[in-house]
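Here are a few short exercises to work through with the model open beside you. Take them in order, and try each task before reading its solution.

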Amino acid sequence: MHAGDSAIDVNDLRRRYGPAGSQGFDAVRGISFSVARGELFALLGTNGAGKTSTLELLEGLAAPTGGTVRVLGHEPFRERAKVRPRIGVMLQEGGFPPELTALETARMWAGCTSGARPVAESLELVGLTGRRNVRVKMLSGGERRRLDLALALLGRPEVLFLDEPTTGLDAESRRETWELVRALRDQGTTVLLTTHYLEEAETLADRLAIMHAGRIATSGRVADIVAERPSRLSFTLPADVRPEELPPAGRLGALACETAGRTVRLRTRDLQRTATEALLWARDRRIELTGLDARSASLEEAFLHIASALETADGRDPADPARAAERAGTATGATR
Ligand SMILES: Nc1ncnc2c1ncn2[C@@H]1O[C@H](COP(=O)(O)OP(=O)(O)OP(=O)(O)O)[C@@H](O)[C@H]1O
């Protein structure tokens with residue numbers, strides 16, 4: 001990628017909370033990545049990984065403690081006047097005046113936005129036309145998220161920052177938001193989003209980075225990150241067949257074989273071969289395999305693997321129920 005092609009360039013970026021000169025807390029510990037113009041990039045991470053802290057630096061809401069960040073070729077904090085009109089920002093908490101209606105809120109915002117698109121168009125884009133005369137305090141959490149997105153779109157931004165854009169939305173609204181974000185990307189908007197929903201990143205992102213404890217643990221295209229993880233095949237043997245009777249894992253083209261009672265789990269990089277070998281073995285032995293489940297590696301599996309490997313490296317116990325619940329919330333998008 002040529003330097004001129006990138007909308008966002010982040011190099012060894014750092015952010016420390018606390019008074020200058022104090023020990024403070026390092027929330028972002030030297031991260032680097034680039035986002036090309038027209039690309040959709042997702043920042044994923046465990047809770048407290050530093051996603052919002054990073055996003056705020058990209059949006060120019062705070063100055064970095066170290067390293068550099070460029071958005072559309074400018075430093076977002078020092079050159080805010082150049083960057084702000086060209087970006088759209090959807091924060092985690094909108095903080096709108098509760099007594100104004102959705103329409104009044106959008107009109108007020110449009111008044112501060114140069115070259116704003118018509119307010120009605122923005123509300124229509126996010127499906128809030130029918131709710132335009134409802135006061136903000138009466139909107140549901142999901143509707144407020146969509147109002148926030150409508151405001152971020154008012155200025156027809158070249159770069160759109162979305163901090164957990166679909167948190168609190170029901171499944172249908174989430175899919176509608178995905179379609180909208182994808183359409184914006186297809187029209188050339190660069191999008192950087194943070195999310196707790198792996199499905200969201202898997203569905204939308206051209207590339208993504210997984211953050212943990214202020215660092216990027218891995219980044220790349222979803223397919224490449226997933227390709228590093230093995231696929232799985234599992235089945236249950238009949239009562240009269242012992243797992244030891246199975247051929248060795250290597251003969252089934254598998255990396256490893258685990259058994260629990262009569263249930264067999266194989267990990268493999270060649271799912272088709274392993275499934276074929278296992279089925280041929282069963283056919284030759286006239287054995288019926290029940291609960292047959294062949295599963296390609298997923299982003300969720302890759303994420304859980306990275307999170308638990310890093311926690312082990314941190315000296316934290318990945319089996320700790322609180323940590324496991326936290327990871328599961330991150331991985332499956334359970335409401336927080
Ligand atoms: N103003 C602040 N002062 C001190 N520490 C902070 C402050 N804001 C955030 N932190 C800490 O910095 C770390 C990163 O927080 P951040 O909100 O960036 O993470 P995140 O990845 O967005 O998390 P989540 O997914 O839970 O929203 C956390 O440990 C958090 O407690």
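**Exercise 1.** Find the bridge partner of T259 in β12.

*Solution.* Look along β12 for the residue bridged to T259: it is V264. Keep in mind that you are looking at a predicted model. Next, step back to the strands themselves: β11 and β12 (residues 263-268) pair in the antiparallel sense, over 5 bridges.

**Exercise 2.** Work out the order of the strands in the open sheet.

*Solution.* Start at the other pairing: β10 (residues 231-236) and β13 run antiparallel and are joined by 4 bridges. One of the partners to look for is T290 in β13, which bridges to T236. The 4 strands then line up as β11-β12-β10-β13, with antiparallel pairing. At the edges sit β11 (256-260) and β13, each pairing on one side only. On average, neighbouring strands of this sheet are turned by 10° against each other, direction ignored.

**Exercise 3.** Identify which strands helix α9 touches, then count the buried residues in β13.

*Solution.* Helix α9 (residues 271-285) packs on the sheet and touches β10, β12 and β13. The direction of α9 makes about 20° with that of β10. As for β13 (residues 290-295), the count of buried residues among its 6 residues is 0, so by the cut-off of 20 or more other C-beta atoms within 10 Å this strand is hardly covered.

**Exercise 4.** Describe the shell around the ligand by element and by class.

*Solution.* List the residues first; among them are Y17, F25, K51, T52 and S53. Then assign elements: β2 (25-36) and α1 (51-58) each supply at least two residues, and α1 gives the largest share, 3 residues. Finally, sort by class: 4 nonpolar, 6 polar and 1 charged.

Technical notes
Residues are numbered from 1 along each chain as its sequence is written. This is a predicted model: local features need pLDDT of at least 70, side-chain atom pairs count only at pLDDT 80 or more; totals for chains, interfaces and linings use all residues. Ala, Val, Leu, Ile, Met, Phe, Trp, Tyr, Cys and Pro count as nonpolar, Asp, Glu, Lys and Arg as charged, and the others, Gly among them, as polar. A residue is buried if 20 or more other C-beta atoms lie within 10 Å of its own, exposed if 12 or fewer, and partly exposed in between; C-beta atoms are placed from the backbone. Two strands pair if DSSP finds at least two bridges between them. Axes are lines fitted to C-alpha atoms, for helices over the stretch in contact, and angles run from 0 to 180 degrees between N-to-C directions. Two residues are in contact if their C-beta atoms, placed from the backbone, lie within 7 Å.
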